[in-house]
Amino acid sequence: MKIFRTALCMALLTVSVAAGGQTDSTEYMRGYAAGRAAAMLEGKQESPSPQKIITNARMLGVGGVNILDTYISPEKYRGTELRYISHTTRMREWGTRVSRQIVHQGYVSHTENRSGDGDEIAGMYCFSYGAHYNMALCGGSLTVKVGGTLDADIGFLYNTRNSNNPAQARLSLAVSPSAIAEWRFRAWKRPFTLRYEVGAPLVGVMFSPNYGQSYYEIFSRGDYDHNVVPTTIASTPSLRQMLTLDFTLHRTTLRVGWIGDWQQAEVNNLKYHSYSNMFVVGIVRSFKTTRVSP
Amino acid sequence: MKKTVLFICTVFLASGLVSCIDEEEYADSPRGNFEALWRIIDEHYCFFDYKHETYGLDWDEVYERYSRQVNDGMTEEQMFEVLGNMLGELRDGHVNMYAPFDLSRYWSWHEDFPANFSDTLQRRYLDTDYMIASGLKYRKLDDNIGYIYCGTFNTSFGDGNLDEVMLALATCNGLILDVRDNGGGQLTAASKLAARFTNKDILVGYMRHKTGRGRSDFSGMEEQRLKPSVGIRWQKKVVVLTNRSVYSATNEFVKYMKCCPGVTVVGDRTGGGAGMPFSSEMPNGWSVRFSACPMYDREGQCTEFGIEPDHAVGITDEDFRRGRDTIIEFARTLLNS
């Protein structure tokens, strides 16, 4: 995945150079929305080959997390989480109302039980690929996107003092309806974008040991027992939300905001939750790709 | 499009309406810790039915009896004593409570019986020029009998170590495999050693696990099969020496070995410990260990309270005074006959 991300960065850099530089995302959104609205109203095309706009936000988040996993302990563990998010949106300038979204998230956390005697370390990588139908409202200043994402999560939770149940592997795949609202406005003669994104898993599958099953039975003996569990919104009622504000400082677009990632699952009579609430800050960049014929 | 928006809104609404997935947290008080501990065991312990049949364990009656002894004015030491006594009702060496100042335990399975092992005596047989391969002590005895002492399965020896040991003792007429005082370790190490004594894939027992909070919620019995090692395998007679301190993974090892051809078990009954232990914790941070995944022999019988040897032999006082290990001498006689 690192190679993929590096390749993606290289590709973005390449197309940026080929396009003659980057544009400010807020400026882009203003121009994009107005241009597209006009194109839609007039029902005509501006150019035979629409350019692809790629908007990438790279953010770092830090905040609190509350973790429960009854396979490991009936106690809740609380502590700090550090998260990196790469959030990319791809959209053609005109000709389609569908945008695509790729999100990579990686995070680690360290938590303690209420007595302070037990520690847990968690790590997770989450990949999300989605598509959204875009609707321009309020003369183009408000864009509402509805669609869905395919989410793949892999990670672990490790308790530093348990014996034969010291860790829990996390592996899941889910289809999640999602919605995004973006409001572009000006204040103090500066452009701003207020953005809210929400997604909740509807159906999927996840890995879980059975209630009292040891990992020795699963991986050393190959005794499987409902370890790949189909999930629905009833067994994994979770919500990922992100509220951010984009603003320009000199020639850079910054993003600040809040992420609320509330993951829950109750499968094989085991309960799991991870409630993360964190402050995020990052940089937003937009690129235009241009096809160059030899 | 309206239908799509409506559907997505319904999903988010449903997400919000579904209650939080949470677990009741007891207060960090003597009463709260008592309730939490009783419940952890109640929902996870795996031998309630077996121990009810064996000696009449009634966990609900245990609650009633010990609940009366708990009050919120207790000191930590008093609480530890009451809760430790409650866990002792399970008569299980895998059940422990870890406080910063003490460890609650039930060790009657070996403390109430003769040790039947003496490192002073063992030294007379090993002498000082024995060899050690990743924790396995071994040598040839005077009558050309191989002797291996495996004191723990916590150190995982490799196939290379076992090949070297087997090669070094290959010319011996028989082999004594002494696991006395081996309190267990990794099941994988136990099966790796046992795999040197079978030429066929054999059924050695069964294992299962809990599937829910009910005391009788269990999965089906899954076969435990011992596959022959691809390394050097022992083809001559073997005597396995046991005592009451053979426990947990070593109890499993003896169970495996009893299924292998040409193997005789000599010594005292093993200590048992047939439940793979899991951990949990109480509101005050004390850690708890308990049996979670029960294991059975190939007849489906529980080995929680130990395995009988083929020949029950103990070290006699007279032999001890003469510097002779009665159990080793009995094994030598068997192998030389």
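**A strand and its neighbours, then the chain contact**

Let's start with strand β5 (residues 142-159) of chain A, which pairs with β6(A) in the antiparallel sense over 17 bridges. Strands here are DSSP runs of E of at least two residues, and helices are runs of H or I of at least four, both numbered from the N terminus; two strands pair if DSSP finds at least two bridges between them. This is a predicted model, in which local features need pLDDT of at least 70 and side-chain atom pairs count only at pLDDT 80 or more, while totals for chains, interfaces and linings use all residues. Residues are numbered from 1 along each chain as its sequence is written, with chains lettered from A and ligands numbered from 1 in the order in which they are written.

To find the β5(A) pairing on screen, look for Phe156(A), which stands opposite Ala169(A) in β6(A). β6(A) also pairs in the antiparallel sense with strand β8 (residues 203-207) of chain A, over 4 bridges, and there Ser172(A) stands opposite Met206(A). A further antiparallel partner of β6(A) is strand β7 (residues 190-199) of chain A, with 10 bridges. β6(A) and β7(A) form a hairpin with 2 residues between them, and Trp188(A) in the turn has a positive phi of about 50°.

Now turn to the other chain: 43 residues of chain A are in contact (C-beta atoms, placed from the backbone, within 7 Å) with 40 residues of chain B. β6 (167-187) is one of the elements of chain A that each supply at least two residues of the side touching chain B. The largest share of that side, 4 residues, comes from β2(A).

Notes
Two residues are in contact if their C-beta atoms, placed from the backbone, lie within 7 Å.
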